Amino acid sequence: MERFLLISKKEFMKYQKYVILLIIAPLLAFSVHKYYISLCEVEYVEEKKSVQIIISHFIDDLEITLNNEHKKDFFLATNKEAKNIQEIYEDYLHKHLKFTINQKPAQYQFIGKEYDDDLVRFYLEIPNVQKLNSIEIENTCLIKDFEDQQNIIKIKVKKFNKTFYLTKSNVKGLLKFQ
Amino acid sequence: MKKITLAILSLVFLSSTLFAQENTQEKVRQKGHYNSSKFKQLDEELPTPNKQHMASGAPGYEYTQQQVDYKMTIILDDENQKIFGEETITYHNNSKDALDYLWVQLDQNMRAPNSKTNDVSGGGPDALYTPAKFTKMFMGKPFQGGFNIDYIKDVNGNPLSYMINFTMMRVDLPKPLAAGEKFIFNIKWWYNINDYMADRGRSGYEPFPDGNNLYIIAQFFPRLAVYNNVKGWQNLQFWGRSEFALEFGNYDVSITTPKDHILNATGVIQNPKEVFTKEQNKRYESSKTSFDKPVFIVTPEEALEAEKSKNTATKTWKFYAENVRDFAFSSSRKFIWDAMAVDFNGKTVMAYSLYPKEGNPLWEEHSTRVIANTLKVYSESTFDYPYPHATSINAERQGMEYPMICWNGGRPDENGKYNDRTKKGMIGVITHEVGHNFFPMIVNSDEREWTWMDEGINSFVEILAEYKYDPELFPLSKYPKNIVGYMSGDQDQLSPIMTQGDNVFNFGSNAYAKPAAGLFMLRQTIMGPEMFDHAFKTYAKRWKFKHPTPADFFRTMEDASAMDLDWFWRGWFYTTGNNDIGIKEVKKYHVTDKPTEQAENLAKRYGITVDQLPPSLYLVSEDSKEYTDDLKGKKPEDYTVLNNYLQDNFSAEEKATLKAPKYFYELVFDKPGDLVMPIIVEFEYEDGSKERKQYPAEIWRLNDNEVTKVFPSSKVISKITIDPDEETADVDTSNNSWPKNTETQFDNFKKNQIKG
């Protein structure tokens, strides 16, 4: 329940007890949080033959991770934000969020990102998926720096909903349709 | 250790043949059932009212509460990070019961090498281990925390027998303590103070690179557990999460620190002249009239000077605190101290902030002002803040509350720069922790049992206080929809709010955000601010300086408002259900004077002919076979049957004010969600104008799945939206509009992205 920052000692808000407030990311826009969580919503839209992905992270968590990885300050979501941030984001996601569809690695397109209060949302799309027999998601975002990080995956395929709670010791979720 | 690398789930579609077979089976005899109505009263869930906790939700005429007074002498050893204490405890047995023993809380034992807290926490290997952590965990060098009890004696110096079970100590009384009697005893103790930056404690010290420590000392002395007629002795163990249940009393405390330390605590300093320099003391006194802006008591320059060296001489701070449930203090050489006076109907309360230079410029700009704002907003919602001061201490990675004093994180970077997120986090945490003075420091619920009663209720008032401080940084619009993500999550990971704190999944959402969102919804949407505010204030006033239970809150909110809210408490607090209301079908009807099939059937049932029905108007749905195009342009007034009635019964003047609707809409609402909620409907007309209608939750009384309403309208409806402002935490908005909106959040974003 409590998070412990192992790598960076940068200014950072961590409230032992002001446990807060959010759990699943899309709507949670609390100023302070104690839970280390991301939400990845995946929907297969049959009519469009497309897998639509929205992944939300807390900006402050992602900032710490990116700053650590690149040994520089990105000033996310401020007017001092690094110019090449799009590239940095894409690179990070491609390394840490992987999809396998019908047993084959699937590439996604980076549609865009949006900042919403404390959150950043990434919109990704895997086009041309004629039929979805199985989908596997590997999400290792943020777990290197936040040992209690929980990456929640919500998958919606037609009327079926499934939620995976991924952690450092369990980074993959697989859903099969028979 | 169990390591799951792959989670596999297979979903098998239900075959349609199986389904068909089921349908052809013989009709099964239906079973009876208990009352499963969502509106069933809570009598079976709530404890039976009694003369201490009454059916109205107020304290009863036989309500009693123990009192415990402490006189303590404390020595803070900065050199070795140890703390020593001698305390005299006076226990007043105000109950009607004789007591054989007393239970005393030893919270520090949670950090003892043999603590069971570590034993019960599961989980796989960590991502990495620092050498310090590795040594501590695997090489037999755990932190030597926990209380060392030197003695426990009665007033005559005779040792008392005691038994320690983890964080609870039973002190056996020489003879039973009769009702109305008091028992005085002494405890001498010491313990090693933990580096809370390393072990994540709620108290301890923060070491700075300059060699100084900043102490935040709490749960630091053996404290009496609560005894009442709700739980008997509240002696559930302290595992580290679910907090405290404590009795009110008076504290007379002296604390010896290094001479160059600055300190503040619960209560009022009794010897300011001895602990401050002459200049500081002058500023301390004059700050009591600074109502417009914070002024320094200890200046940044003085703090900078003090942290340069270490004075080995000591001084003793003397504090007295009246009617508080606990005592905590913070001490460091590094403290800057600023102060502002806040007026409460002629009574002055001091807002104090103590912070190291590392907190600036953020802290001198905001902390004290945030305290003042918090006290004002909370006082408006409850009662005037009754204590002499409220203090915010800047302690990194903290957010923890005690009477009059709290620890709060948030610092700028090394260059003194901070962004809005840091500022927002710091304002948020100070508001939250200062707000805890009201819940649970004064409205003193049992935190060990019900986290939501202090965290949830406090997080709700916090929303109002933050909004008052900075409406742009803290908009109200995100409540209660902020809780949708949590509530729509996997049911295996949810627990009802009414769950003891140690057994809760997703603690933050469960015990903070969900109750806060629920109360926000109750205030804004279900009850309305006027009714809610009065009831909420009634609860706070009734239980000020007392120990309320959940039932006291639920009952008072109804008692003071005449609103039956049992359905809301049942759904939101006692279940993990969520809200999902949709618009399933919309049918348009026109008026006719020709009897419809339905009317013919009615006549048949009464054994009369259609002609014998009283003169009437009928509604015909556009999709029925009885509908003809000529009905389209007809107004109700076009029919003589209505016209004649109007002629006979109303004057010309009255008639002019009557307006018949032209269209009739049959609206079918369905409810895939478990919860019952009001249905908020927005109608958008062809001409672009809008109208709202809110149907109370009781609309679901007789049908939990689907309800139908007829909505008369003089204009054609072009669009219907359920809960347009997202006021009811509806977890699925894809069924909230007619005509159905098939565009997903993703499609929407993509479209805008392309547009550019």
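In this short talk I will go through the confidence of the model, its nonpolar cores, one sheet, the cysteines and a few backbone details.

Let me begin with the caution that what you see above is a predicted model, and that the predictor gives the complex an ipTM of 0.78 together with a pTM of 0.89. Chain B has an average pLDDT of 93, and 96% of its residues score at least 70. There is, however, a stretch of chain B, residues 1–22, over which pLDDT stays under 50, although the model does have 32 contacts for this stretch beyond four places in sequence. Where pLDDT is low, the predicted coordinates should not be read in detail, and I will leave that stretch aside.

Turning to the interior, in soluble globular proteins nonpolar side chains tend to be buried together. Here the largest nonpolar core has 184 residues, and the ones with the most contacts inside it are B:Phe185, B:Phe220, B:Phe329, B:Phe553 and B:Trp572. The element that gives the most to this core is helix α13 of chain B, residues 507–527, which supplies 9 residues. If you would like one residue to look at, take B:Phe553, which, leaving out residues up to four places away in sequence, touches B:Trp452, B:Met453, B:Ile457, B:Leu519, B:Phe536, B:Tyr539 and B:Trp569. Separate from this, there is a second core of 43 residues, which includes A:Ile55, A:Leu62, A:Leu66 and A:Ile126.

Now to a sheet in chain B, which is open, has 4 strands in the order β6-β7-β4-β11, and is paired in antiparallel fashion. Which strands stand at its edges? They are β6, residues 162–165, and β11, residues 223–224, and because each of them has a single partner strand, one side of each is left without a neighbour in the sheet. For β6 of chain B, the antiparallel strand β7, residues 168–177, is joined to it by 4 bridges, and within β7 it is B:Arg170 that serves as the bridge partner of B:Met163.

On the cysteines, a search of the whole structure, over all chains, finds 0 disulfides. A:Cys141, for example, is in no disulfide, and the nearest cysteine sulfur, which belongs to A:Cys40, is 8.2 Å away. Is A:Cys141 buried or exposed? A:Cys141 is buried, with a relative accessible area of 0%, and B:Cys406 is also buried, at 1%.

Finally, some backbone details, for which it helps to recall that most residues other than glycine have a negative phi, and most peptide bonds are trans. Against that background, a cis peptide bond joins B:Asn360 and B:Pro361, with omega at about 10°, and B:Pro361 sits in the loop between β21 (347–355) and α8 (362–381) of chain B. Another cis peptide bond joins B:Trp738 and B:Pro739, with omega at about -5°, and B:Pro739 is in the loop between β32 (737–738) and α20 (745–755) of chain B.

In chain A, A:Lys71 has a positive phi, near 50°, and lies in the loop between α1 (59–70) and α2 (85–96), where this lysine is exposed, with a relative accessible area of 73%. A:Lys158 likewise has a positive phi near 50°, but its place is in the loop between β8 (150–157) and β9 (160–166) of chain A, and A:Lys158 is partly exposed, with a relative accessible area of 47%.

Methods: Residues are numbered from 1 along each chain as its sequence is written. Chains are lettered from A and ligands numbered from 1 in the order in which they are written. This is a predicted model: local features need pLDDT of at least 70, side-chain atom pairs count only at pLDDT 80 or more; totals for chains, interfaces and linings use all residues. Side-chain values use heavy atoms; hydrogens and water are left out. Two strands pair if DSSP finds at least two bridges between them. Helices (H or I, at least four residues) and strands (E, at least two) are DSSP runs, numbered from the N terminus. pLDDT is the predictor's confidence in each residue, from 0 to 100. Contact means heavy atoms within 4.5 Å. A disulfide is a pair of cysteine sulfur atoms within 2.5 Å. Buried means under 20% relative accessible area, exposed over 50%, partly exposed in between (1.4 Å probe, protein chains only). A nonpolar core is a set of buried Ala, Val, Leu, Ile, Met, Phe, Trp, Tyr and Cys residues joined through side-chain atoms within 4.5 Å.
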